[in-house]
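Hi everyone, thanks for coming. I'd like to walk you through one protein model today, and I'll try to keep it friendly. Have a look at the screen while I talk.

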Amino acid sequence: MTGRDRLVLIAVVALALLGAGWIAVVSPERKQAAKLQTEVTTAASALASAESQLANAKAAHARYSAEYASIVRLGKAVPPGREVPSLVYELAQASDKKHVDLASIVYGGGATGAAGSSAAATAGVAGFTQMPFTFVFNGTYNDLYNLFKALDSTTARTASGGVDVNGRLLTIQSVKLAPLTASSAAGSKGGANEMLSGTISATAYVLPASQSLTGGASAGAPAGATAASTSSAASPPTAPALARVVP
C-alpha cells in the first residue's frame with residue numbers, strides 16, 4: 001500500500017468517525033434543542049394568553065364593582081319593598097332645605113284615598129308596581145318653585161336615553177298651586193311672601209315581587225355559576241317613562 005493510499009484510507013476513516021460522532025452526539029442534541037424551543041414557544045404563548053385572561057378578569061372585576069354599585073343605587077330609586085318611611089324622610093329633607101313645610105302625604109291619591117289605593121297600586125308600568133301619592137307642601141312661591149325644581153332635578157334622562165336617578169324615582173302627574181286658607185296663612189305679608197299650598201300628584205315604583213334587586217349577588221362576586229345567569233338575575237326591569245315637573 002502506497003503512502004497515497006494510506007492517506008486516503010485515513011481520510012475515509014476520519015470522515016466515518018466524524019459522521020458517527022454527528023449521528024451519535026450532535027444530531028440528538030439538535031433535535032432536543034428544537035423540541036425545547038417548541039416547548040418554550042408554546043409556554044410563552046400560554047403565558048401571554050394567561051396574562052390576557054388575567055387582564056380581562058381584572059377589568060371585569062372593576063366593571064362588576066361599578067355595575068353592582070349602580071344596581072344598589074337603582075335599588076334606592078326603585079326598591080324591592082314599598083319603603084314609604086324612607087320616601088317621607090327624603091321629601092322632608094328636601095322641603096326643609098328649601099324652607100317649605102311638608103303638610104301632608106296621601107297614599108293612593110287625594111280622590112281615591114286609602115280605600116282605592118290597593119287597586120291603584122296593583123297596576124304596573126314596565127313590570128313595576130305603582131304607588132300613587134299626593135303630596136302637599138306649604139311655602140312661598142319662590143320656596144315652592146325651588147323645591148319643585150330640586151325634586152325635578154333628581155331624575156333626568158341621559159344622553160344615551162337612559163334614566164339617571166338620585167334618590168327615589170318619582171314620576172309627576174300634576175302640580176297645582178293655590179293660596180292657603182285665611183287661618184293657615186295668618187302672618188303672611190302678601191306678594192312674594194304670600195303663603196301658598198303646592199299639591200303634587202306623583203307615582204313611586206316598587207320592584208315586582210318575583211324579582212330581587214341583586215339576584216343573590218354580593219359586592220364581591222356575582223351569584224350562580226355562569227355570568228349569563230348572573231346578568232339575567234341582577235338586571236333590573238326597564239325604567240318607566242319619565243314625567244318632567246314644570247312649576
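One term before we start: a residue is called buried when its relative accessible area is under 20%, exposed when that value is over 50%, and partly exposed in between. And please keep in mind that this is a predicted model.

Let me put that term to use right away. Is Ser 197 buried or exposed? With a relative accessible area of 14%, Ser 197 falls under the 20% cut-off, so it is buried. You'll find Ser 197 in strand β7. What does it touch, beyond the residues up to four places away in sequence? Its contacts are Val 136, Phe 137, Asn 138, Leu 144, Lys 176, Leu 177, Ala 178 and Leu 180. Take Asn 138 from that list: it sits 59 residues from Ser 197 in sequence, yet their C-alpha atoms are 4.6 Å apart.

Now let's step back to the overall picture. The protein has five helices and seven strands. Reading from the N terminus, the order is α-α-β-α-β-β-α-β-β-β-β-α. There are 247 residues, and buried ones make up 25% of them. The accessible surface comes to about 15,100 Å², and carbon and sulfur atoms account for 61% of that. As for contacts between residues at least 6 apart in sequence, 77% join residues that are at least 24 apart.

On to the inside. The largest nonpolar core has 19 residues, and the ones that touch the most other members are Leu 87, Phe 135, Phe 137, Leu 147 and Ile 200. Which elements give two or more residues to this core? They are α2, β3 (128–140), α4, β6 (170–179) and β7 (195–206). The largest share comes from β7, with five residues. There is also a second, separate core of seven residues, and among its members are Ala 77, Val 78, Phe 128 and Tyr 205.

Let me zoom in on Leu 87. Setting aside neighbours within four places in sequence, Leu 87 is in contact with Phe 133, Phe 135, Arg 168, Leu 170 and Ala 204. Phe 133 comes up again when we look at Ile 172, which belongs to strand β6. Ile 172 has a relative accessibility of 12%, so it counts as buried. The C-alpha atoms of Ile 172 and Phe 133 are 9.7 Å apart, with their positions 39 residues apart in sequence.

Next, a residue that I think the biochemists here will enjoy. Asp 143 lies in helix α4, which covers residues 141–153. Asp 143 is buried yet has no salt bridge. How far away is the nearest side chain of opposite charge? That side chain is Lys 98, at 8.5 Å. You may wonder about contacts, and here the cut-off is heavy atoms within 4.5 Å. Not counting residues up to four places away in sequence, Asp 143 touches Lys 98, His 99 and Val 100.

Just before that stretch comes Lys 97, in helix α2, which runs over residues 84–97. Lys 97 has 66% relative accessibility and therefore counts as exposed. Its C-alpha atom is 9.6 Å from that of Asp 143, although the two are 46 residues apart along the chain.

His 99, one of the residues touched by Asp 143, has a feature of its own. It has a positive phi of about 60 degrees although it is not a glycine. His 99 sits in the loop between α2 and β1 (101–107), and its 64% relative accessibility is why it counts as exposed. Glu 83 is another non-glycine with a positive phi, about 50 degrees in this case. You'll find Glu 83 in the loop between α1 (3–77) and α2. At a relative accessible area of 42%, Glu 83 is partly exposed.

Last stop, the surface. Which residues form a nonpolar patch there? They are Tyr 141, Tyr 145 and Leu 177, with about 280 Å² of accessible area together. Tyr 141 is in helix α4, and its 43% relative accessibility makes it partly exposed. Leu 177, another member of the patch, is also one of the residues that Ser 197 touches, which brings us back to where we began.

Thanks for listening, and I'm happy to go back to any of these spots.

Conventions. Residues are numbered from 1 along each chain as its sequence is written. This is a predicted model: local features need pLDDT of at least 70, side-chain atom pairs count only at pLDDT 80 or more; totals for chains, interfaces and linings use all residues. Side-chain values use heavy atoms; hydrogens and water are left out. Helices (H or I, at least four residues) and strands (E, at least two) are DSSP runs, numbered from the N terminus. Buried means under 20% relative accessible area, exposed over 50%, partly exposed in between (1.4 Å probe, protein chains only). Lys and Arg count as positive and Asp and Glu as negative; His and the chain ends are not counted. A salt bridge is a side-chain nitrogen of Lys or Arg within 4 Å of a carboxyl oxygen of Asp or Glu. Patches are made of residues with over 30% relative accessible area and no salt bridge: like charges are joined within 9 Å, nonpolar side chains (Val, Leu, Ile, Met, Phe, Trp, Tyr) within 5 Å. Accessible areas come from the Shrake-Rupley method with a 1.4 Å probe; for residues, only the protein chains shown count as cover. A nonpolar core is a set of buried Ala, Val, Leu, Ile, Met, Phe, Trp, Tyr and Cys residues joined through side-chain atoms within 4.5 Å.
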